[in-house]
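Dear colleague,

Please find below the structure that I am handing over to you. My findings follow directly after it.

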Amino acid sequence: AIMEKGESDVVKLHSDLEEARNGKEASERRLEETLKHVEELEVAGKTIEDEREKLVTELVEARAALDVVDKESKRLQAVELEMGDVRTEMEAERCERERVEEDL
């Protein structure tokens with residue numbers, strides 16, 4: 001009976017040892033998967049940061065271009081006002097000439 005009990009205990013120990021090995025292997029696989037996922041997240045984070053920097057650069061460039069357009073628009077408005085003044089002046093001179101010619 002003691003021999004049977006000993007054999008039973010040895011079988012049980014082998015079974016427990018096999019379960020422990022399987023559990024260790026499963027844990028190692030999960031750890032490897034977790035590390036791989038962390039690496040993927042780090043790569044994704046770097047990609048996101050690179051994209052953010054690119055977008056910030058594009059935004060700065062767009063703002064600079066908008067400033068140029070705004071300044072050019074103001075310059076054109078000033079030219080249009082000046083042209084309006086010149087037209088008004090020319091129209092006044094034409095009217096004055098016509099009046100002078102009528103008086104002659």
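I begin with one pair of residues. Because Glu91 and Arg94 are 3 residues apart in helix H1, about one helical turn separates them. Please bear in mind that this is a predicted model. The two residues form a salt bridge, in which the closest N and O atoms are 2.3 Å apart. Glu91 is partly exposed, its relative accessible area being 38%, and Arg94 is likewise partly exposed, at 32%.

Overall form

The secondary structure of the chain consists of 1 helix and 0 strands. Helix H1 covers residues 2-103. Along its principal axes, the C-alpha trace spans about 150 × 15 × 10 Å. The radius of gyration of the chain is 44 Å, whereas a compact globule of 104 residues would have one near 13 Å. An example of spacing along the chain is given by Glu101 and Ser73: they are 28 residues apart in the chain, and their C-alpha atoms are separated by 41 Å. Glu101 belongs to helix H1 and is exposed, with a relative accessible area of 55%.

Surface and charge

How much of the chain counts as buried? Of its 104 residues, 1% fall into that class. The chain exposes about 9800 Å², and 59% of this area is supplied by carbon and sulfur atoms. As for charge, the chain carries 18 positive and 33 negative charges, and the mean positions of the two sets lie 4 Å apart. On the surface, a patch of negative charge is formed by Glu82, Asp85, Glu89 and Glu93. One of these residues, Glu89, is found in helix H1.

Further salt bridges

The structure holds 11 salt bridges. Besides the pair described at the start, two others may be of interest to you.

The first involves Glu72 and Arg75, whose side chains meet in a salt bridge with an N to O distance of 2.6 Å. Their separation is about one helical turn, because they stand 3 residues apart in helix H1. Glu72 is partly exposed, with a relative accessible area of 36%; Arg75 is also partly exposed, and its value is 44%.

The second joins the side chains of Asp103 and Arg99, at 3.3 Å from N to O. Both residues lie in helix H1, 4 residues apart, which is about one turn of the helix. Which class of exposure does Asp103 fall into? Asp103 counts as exposed because its relative accessibility is 58%, and the cut-off for that class is over 50%. Its partner Arg99 has a relative accessible area of 42% and is therefore partly exposed.

In addition to such pairs, there is a network: Glu91, Arg94 and Glu98 are joined into one by salt bridges that share partners.

To summarise, the predicted model shows a chain with 1 helix and 0 strands, a C-alpha trace of about 150 × 15 × 10 Å, and 11 salt bridges.

With kind regards

Key. Residues numbered from 1 in each chain as written. Predicted model: local features only at pLDDT ≥ 70, side-chain atom pairs only at ≥ 80, totals over all residues. Heavy atoms only, no water. Patch = residues over 30% accessible without salt bridge, like charges linked within 9 Å, V, L, I, M, F, W, Y side chains within 5 Å. Areas by Shrake-Rupley, 256 points an atom, 1.4 Å probe, with all protein chains shown as cover. Salt bridge = Lys/Arg side-chain N within 4 Å of Asp/Glu carboxyl O. Lys, Arg positive; Asp, Glu negative; His and termini not counted. Charge placed at Lys NZ, Arg CZ, Asp CG, Glu CD. Helix = DSSP H or I, 4+ residues; strand = E, 2+ residues; numbered from the N terminus. Rg over C-alpha atoms; globule rule 2.2 N^0.38 Å. Buried < 20%, exposed > 50% of the residue type's maximum accessible area, 1.4 Å probe, protein only.
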